[in-house]
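Here are a few exercises to help you find your way around a new structure. Have a go at each task before you read its solution.

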Amino acid sequence: MPKDTGIGAPMKRREDIRFLTGKGRYTADINLRGQAYAAFARSDMAHGRINKIDTTAAAAMPGVLCIMTGEDFVAMGGNPAGWLINSRDGTPMREPKRPVLAHGKVRHVGDAYAVVVAETEEQARDAAEAIEADITELPAIVDMAAAIADPSNRVHDEIPDNLCFDWGWIEDNRAAVDAAFAKAPHITTLELVNNRLVPNAMEPRASLADFNPGTEDYTLYTTSQNPHLHRLLIAAFVMGIPENKLTVIAPDVGGGFGSKIYHYGEEAAVLAAAKHLKRPVKWVATRSEAFLSDAHGRDHVTKIQLALDKDGTFLALRTETLANVGAYLSNFSTATPTFLHGTLMAGPYKTPLVYVNVKTVFTNTAPVDAYRGAGRPEATFSIERVIDKAADELGLDKIAIRRKNFIDPGAFPYTTPVGLVYDTGNYHATLDKMIELGDIAGFDKRAAASKAKGKLRGIGYSTWIEACGIAPSHLVGVLGSRVGLYDAATVRVNATGNISVLTGAHSHGQGHETVFAQVVADKLGIPESSVEIVHGDTSKIPFGMGSYGSRSLAVCGTAMVKAVDKIIAKGRKIAAHMLEAAEGDITFEDGKFQVAGTDKAKTFGEIAFSAYVPHNYPLETLEPGLEESAFYDPGNFTFPAGAYACEVEVDPETGRVEICSFTAADDFGHVMNPLIVQGQVHGGVGQGIGQALLENTTYDEGGQLLSGSFMDYAMPRADDVPFYIVDHSCNTPCTHNPLGVKGCGEAGAIGSPPAVVNAVVDALRRAGHKNVTHIDMPVSPKRVWQAMQG
Amino acid sequence: MHNFDFVKPASVEEAVKALAQEGAQALSGGQTLIATMKQRLAAPTTLVSLTGIAAMKGVKAEGGTLTVGAATPHAVVAKEAASAYPALARLAGGIGDPAVRNRGTVGGSIANNDPAACYPSGVLASGATVVTNKRRIAADDYFQGLFTTALEEGEIVIQVVFPIPEKAAYLKFEQPASRFALTGVFVAKYPSGVRVAVTGAGADGVFRWSEAEAALSKNFSAAAVDGLSVDPSNLMGDLHGTPEYRANLIKVLTKRAVAAA
């Protein structure tokens with residue numbers, strides 16, 4: 001196999017040619033004959049009781065074809081939560097119905113209560129503005145603590161304390177954890193906020209629905225990270241149509257970061273309108289709609305406590321978190337603050353006792369769900385911040401305290417006190433690599449240079465771990481998941497020896513089309529250019545679960561490899577027949593089936609041709625054709641980990657923070673394409689820096705989104721981030737998937753925020769501001785300056 | 001965006017006539033107006049573009065003044081004022097991004113008078129004269145509050161005449177999202193005294209910091225500002241900065257601007 005295109009080659013992404021030259025085909029680019037346009041009427045108040053939606057005037061406006069309101073969807077099912085969480089007392093979580101369009105009440109600014117379909121987009125918008133909504137405004141519920149405390153004001157009338165659930169993990173360990181705290185020599189306590197983020201994928205959500213009255217088939221083109229999941233939710237749960245009558249196509253998708261995992265009401269609304277009108281109906285969200293109605297991320301308020309010996313040995317850890325789910329349960333909103341958060345609270349450390357309590361709260365804000373990292377950034381931020389505070393309190397070195405508590409490289413597989421079994425890892429190795437590449441030894445010299453120009457320099461670390469490729473299905477089922485978490489791939493060898501791979505994973509910027517092709521080509525010993533990756537169309541691909549949680553290569557990639565193995569096994573049988581040898585004597589290497597110890601061989605292409613033109617073929621024992629599928633349900637999560645160092649300079653007069661350097665030493669297991677991995681880390685760290693320094697989702701007391709546009713919501717830009725130092729040479733391959741891969745998509749966003757905040761706090765403390773122990777994100781100039789005022 | 005008609009007159013007279021129509025709105029770069037229209041928050045029936053009027057374009061330095069046509073884009077000012085009035089050129093060159101600088105104009109900026117815009121501080125600190133189709137307005141009389149100016153209905157800014165200072169500098173601290181001035185300070189030293197204008201911070205828009213002007217007129221050094229403080233009670237507070245934070249920025253930026261001048 002040529003080294004420049006196979007596994008491990010830093011190939012440029014083949015999809016970038018079409019993306020960078022404007023040849024991508026996104027949902028908004030697709031137009032069907034006779035299509036009409038939808039616009040949604042959205043609530044401008046955070047909380048209100050709907051008295052009457054009068055559409056008379058709007059319906060009479062030019063071009064209007066139909067108007068539907070919440071009333072028209074009452075008979076449809078609710079958009080379900082994908083994970084059942086039980087409270088500490090064993091009662092199941094509260095699951096209010098999430099309707100297609102708001103009915104009875106509006107529950108957040110941007111909550112859609114009507115859809116207008118018209119001949120043009122502008123006509124639809126004009127008419128949507130002309131709908132007369134008689135809504136009685138109710139007091140907005142924005143603050144989580146207040147939401148729980150005030151039973152009189154309810155987001156959902158049937159839920160008196162606005163509490164979805166009160167979860168303890170692991171509840172049986174609570175007493176032991178409390179006992180350890182009771183006799184601990186030192187306790188460090190930190191209260192912090194993990195700030196709410198707006199996903200802001202470059203492409204806003206869009207849907208184009210088509211209905212064929214002749215066949216009663218529906219087709220939905222939509223911005224999805226997981227078209228089969230969308231089909232299942234829409235068909236089986238919401239609209240009650242047979243799955244075989246709905247095709248979901250997610251064409252090129254411009255980023256998701258989690259926000260396009262979920263089914264949203266707009267998708268069902270345009271499908272219903274398309275059926276009603278017997279015309280295709282298209283909707284493309286404006287950026288303003290994206291701010292108001294995409295599922296947001298994070299939004300935790302946490303009190304974390306770490307019990308330690310005086311020498312810095314961790315004895316126990318406990319947290320109390322309020323997690324905001326917003327107005328409705330988005331599909332994975334209940335899993336994110338629980339099993340994707342609480343189970344990571346051991347970090348890479350051998351803390352013997354851990355207890356996590358999460359209360360999840362309804363508020364009059366946009367729904368909150370998984371966003372790049374999903375629960376794991378929240379866990380990592382809490383742990384890595386409290387460790388720094390503890391080190392400051394005990395006068396310990398911040399690298400030494402981490403190293404002292406690391407799980408030893410020889411201790412794997414390692415069972416944590418929060419229910420995970422880490423299969424492999426070497427946290428000392430990534431830490432050493434970070435120390436080397438980040439030139440930590442040279443910090444004092446750099447700090448002196450910063451001081452000479454009037455700046456305060458600080459350094460912060462984060463040694464993080466995450467769990468990717470959530471699995472196995474039987475375990476997550478026990479824990480409340482309502483879906484399986486396998487994936488699937490079909491390897492279709494064409495008669496001339498080239499290949500179409502149909503994957504359940506969906507690429508919306510990750511680069512699957514390149515790296516998956518590299519893997520398949522390498523395994524089959526054929527040129528990478530002979531492999532095409534097909535994804536995103538439920539009428540073509542097998543039922544896979546899509547892409548999120550850094551799972552694509554670890555889970556779908558494994559299914560792909562298993563399908564390739566079946567192809568090779570069948571090829572061996574065909575070759576044995578053609579070469580008149582025993583199957584056991586056939587070797588397969590570099591694209592050639594060969595009789596061991598002889599020069600008798602057939603190329604992969606010859607075998608493929610024979611399978612489709614089976615003139616000389618063992619038809620009595622073997623089916624013709626060369627196409628194999630595999631489903632793969634992983635035996636465990638994968639556990640990428642790494643060590644990050646961030647150096648900042650703070651302007652003491654303005655509080656402005658500049659990131660001087662960022663070093664990321666990661667262990668992702670085997671790396672299939674280092675260029676793509678590097679890009680994923682760059683993007684992830686950039687997003688983490690955005691969360692740490694800039695992104696400031698703010699609702700006012702009345703539930704209005706103050707940061708509802710890019711004029712006020714600060715996204716990281718090129719000049720906000722440094723040139724990264726990225727390394728992934730530390731490699732402890734995953735022990736339970738054949739590629740030995742762990743996943744890298746979320747790493748940067750998980751590991752970086754605490755490194756940045758730790759660096760800023762360090763800079764201030766070194767400058768004598770010893771009263772500064774924490775600054776909440778985003779660590780904006782205003783907040784840093786305020787912290788320095790004492 | 002709602003539908004609208006578009007006209008591009010070649011003379012001020014034609015523009016005035018076009019603007020007299022019901023629902024007409026002047027367009028001079030559109031870097032605020034077009035975005036507002038896209039959000040459907042403004043719906044003029046006719047846009048009257050002012051950028052085709054030759055008399056309103058160009059940069060000319062003579063006799064100690066710099067005259068900038070109101071329809072001159074920022075990028076042109078950044079280039080053509082660089083030797084005559086470098087501080088003003090740098091202000092223009094630091095507005096927005098290249099797309100904004102090649103569309104946005106000084107006339108559009110000061111007619112809109114956004115409290116976070118850069119130009120109002122340059123105009124006010126320079127004691128410039130705003131020349132309209134009807135009269136000449138001193139900068140001190142022109143800016144009258146948030147998005148409010150002395151302009152009357154149908155009055156068009158034709159040019160702005162800046163007296164060129166001995167020394168000057170403009171420094172802004174950017175709001176992290178919009179990159180408008182969270183606070184910006186323009187310091188200009190004239191034989192008659194020093195003028196200090198602050199944008200982005202005032203509850204009523206751009207204003208002069210008279211205490212700093214007095215101190216700097218006596219002693220044009222950063223140290224002269226040391227003992228002063230700004231009363232935050234007349235300053236803006238929002239997501240990005242409290243009045244107290246802005247008060248601090250005004251002082252810090254003034255000192256830095258004096259040092260840079």
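Two residues are in contact if their C-beta atoms, placed from the backbone, lie within 7 Å. Keep in mind that this is a predicted model.

**Exercise 1.** Which residues does B:Val187 touch, leaving out those up to four places away in sequence?

Solution. Start before it in the chain: B:Val187 touches B:Ala125, B:Ala168 and B:Ala169. Next, add B:Val194 and B:Val196. Finish the list with B:Thr254, B:Ala257, B:Val258 and B:Ala261.

**Exercise 2.** Which residues touch the most other members of the largest nonpolar core, and which helix gives the most to this core?

Solution. The core has 317 residues. In chain B, look at B:Val187, one of those that touch the most other members. Then go to chain A, where A:Ala38, A:Val116, A:Val117, A:Val520, A:Met560 and A:Val760 complete the group. As for the helix, pick α15 (residues 552-579) of chain A, which gives 12 residues.

**Exercise 3.** Describe how domain 1 and domain 2 of chain A meet.

Solution. First mark them out: domain 1 of chain A covers 15-22 + 486-632, and domain 2 covers 31-138 + 202-255 + 260-293. Their C-alpha centres are 39 Å apart. The contact uses 14 residues of domain 1 and 17 residues of domain 2. Now sort the domain 1 side by class: you get three nonpolar, 10 polar and one charged.

**Exercise 4.** What does chain B bring to its contact with chain A?

Solution. Chain B puts in 13 residues, and chain A puts in 16 residues. On the chain B side, helix α10 (residues 243-260) gives the most, with four residues. By class, that side has seven nonpolar, six polar and no charged residues.

Definitions and conventions: Residues numbered from 1 in each chain as written. Chains lettered and ligands numbered in written order. Predicted model: local features only at pLDDT ≥ 70, side-chain atom pairs only at ≥ 80, totals over all residues. Domains from an automatic or database assignment. Nonpolar A, V, L, I, M, F, W, Y, C, P; charged D, E, K, R; others polar. Core = buried A, V, L, I, M, F, W, Y, C linked by C-beta atoms within 7 Å. Buried ≥ 20, exposed ≤ 12 C-beta atoms within 10 Å, placed from the backbone. Helix = DSSP H or I, 4+ residues; strand = E, 2+ residues; numbered from the N terminus.
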